[in-house]
Amino acid sequence: MHTLDLFAGVEHPPGLPFALGEAAWHLPGFALPWAEALYPELFAIRAQAPLRQLSTPGGGRMSVGTTSCGALGWVSDARGYRYTAFDPDSGRPWPAMPAMFAALAGNAAAAAGYEGFAPDTCLINHYRPGAGMGLHQDRDERDLNAPIVSVSLGIGAVFLWGGHQRSDKALRIALAHGDVVVWGGADRLRFHGVMPLAPAMHPRLGARRINLTFRQARA
Ligand code: MD3
Ligand code: FE
């Protein structure tokens, strides 16, 4: 499979890709060779653009802490969901996307059959035990043909993989540290979510799960 130029010689870890749908792939362990290199980048991003618990248009508050890197960042408030070029908390541009992040996302997309994936944003979701994400669609991006790449780090989660109606029954998929999910095409607008996390410990990240969601928001 694919090796990253920045990590020449690092083989793809074991784990066969699973098709979740006609255009969606679960790549178990794909990000494991990158994980150690991602931590300091994550630390630097959080220092420039601290995690925050966003308000939702419905009047609630996300249980997940979020921040972004890249040309754009995803934000939510009482007015709705959108991408911005500036972090509303600081007024500064979002931290640049580390080359390592873009390379991991591009390699994972290519492994799932999507060549030329060039994300302009990476949403960083930070879960503590008890945090979760209700069923929703990702539809704030301009080009809904571009795929999305999701990287899971830290403690495990149960991912809800739904259909095209909110009421469709959702499959439950265990996502572990290092797992990558890539989806596009006919699966791009599926409802999905994350069950509230059970208490657990990860040797490197402690009692937290970090999900990196790479998107082409404006491209
Ligand atoms: C959608 N984040 O931030 S993306 C989000 O784990 C979000 O933090 C989740 O959903 C998280 O909007 C997971 C993972 C994902 C995986 C497969 C999908 C989303 C999917 C398949 C179809 C549609
Ligand atoms: Fe989503």
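Select R52 first: this arginine is buried, with a relative accessible area of 10%. Keep in mind as you click around that you're looking at a predicted model. Now add D89 to the selection. The side chains of R52 and D89 meet in a salt bridge, at 3.6 Å from N to O. Trace the chain between them and you'll see that the pair links distant parts: R52 is in the loop between α1 and β3 (65–70), D89 is in the loop between β5 (80–84) and α2, and they sit 37 residues apart. Is D89 buried or exposed? D89 is exposed, because its relative accessible area is 58% and anything over 50% counts that way.

**More salt bridges**

How many salt bridges does a search of the whole structure find? It finds eight, so there's no shortage of places to click. Go to R215 and E141 for another one, with N and O 3.5 Å apart. R215 belongs to strand β13 and E141 to the loop between β7 (133–136) and β8, so this bridge ties together parts that are 74 residues apart in sequence. Check the accessibility of each partner: R215 counts as buried at 6%, and E141 is buried too, at 5%.

Leave those two on screen and add D138 and R188. Together, D138, E141, R188 and R215 make one network, joined by salt bridges that share partners.

Next, pick D187 and R190. Their salt bridge brings the closest N and O atoms to 2.8 Å from each other. Both D187 and R190 are buried.

**A buried charge with no salt bridge**

Now jump to D120, in the loop between α2 and β6 (121–127). D120 is buried, yet it has no salt bridge. Which side chain of opposite charge is nearest to D120? That's R218, and it is 6.4 Å away. A salt bridge needs the nitrogen and oxygen within 4 Å, so 6.4 Å doesn't qualify. But don't hide R218 yet: show its backbone, and you'll find the side chain of D120 reaching the backbone nitrogen of R218 at 3.0 Å.

**Rings to look at**

Time for aromatic side chains. A search of the whole structure turns up three aromatic pairs. Select F30 and W34 to see a stacked one, with ring centres 5.6 Å apart and 15 degrees between the planes. Both of these residues are buried.

For another arrangement, select F101 and F214. How do these two rings meet? They're edge-to-face, with 80 degrees between the planes and 6.1 Å from centre to centre. F101 is in helix α2 (residues 99–111) and F214 in strand β13 (residues 209–215), so the pair ties together parts that are 113 residues apart in sequence. F101 is buried, with a relative accessible area of 0%, and F214 is buried with a value of 0% as well.

One more ring is worth a stop. Show Y127 and R209, and turn the view until you're looking at the face of the tyrosine. R209 lies over that face, at 5.0 Å from the ring centre.

**Into the nonpolar core**

Go back to F101 and F214, then add V149, V151, V180 and L212. What do these six have in common? In the largest nonpolar core, which has 33 residues, they touch the most other members. Colour the elements that give two or more residues to this core: α1 (35–48), α2, β6, β8 (148–154), β11 (180–183) and β13. Which of them supplies the largest share? That's α2, with seven residues. As a rule, nonpolar side chains in soluble globular proteins tend to be buried together.

**Two last stops**

Select S76, in strand β4 (residues 73–77). S76 counts as buried at 4% relative accessibility. Follow its side chain to the backbone oxygen of S55, which it reaches at 2.6 Å.

Finish with R82, in strand β5. At 24% relative accessibility, R82 counts as partly exposed. Add L72 and draw a distance between the two C-alpha atoms: R82 and L72 are 9.7 Å apart in space and 10 residues apart in sequence.

Methods. Residues numbered from 1 in each chain as written. Chains lettered and ligands numbered in written order. Predicted model: local features only at pLDDT ≥ 70, side-chain atom pairs only at ≥ 80, totals over all residues. Heavy atoms only, no water. Phe/Tyr/Trp six-rings, centres within 6.5 Å; stacked < 30°, edge-to-face > 60°. Buried < 20%, exposed > 50% of the residue type's maximum accessible area, 1.4 Å probe, protein only. Helix = DSSP H or I, 4+ residues; strand = E, 2+ residues; numbered from the N terminus. Lys NZ or Arg CZ within 6 Å of the ring centre and 35° of its normal. Lys, Arg positive; Asp, Glu negative; His and termini not counted. Polar contact = N/O pair within 3.5 Å; in protein donor to acceptor, adjacent residues only side chain to side chain. Core = buried A, V, L, I, M, F, W, Y, C linked by side-chain atoms within 4.5 Å.
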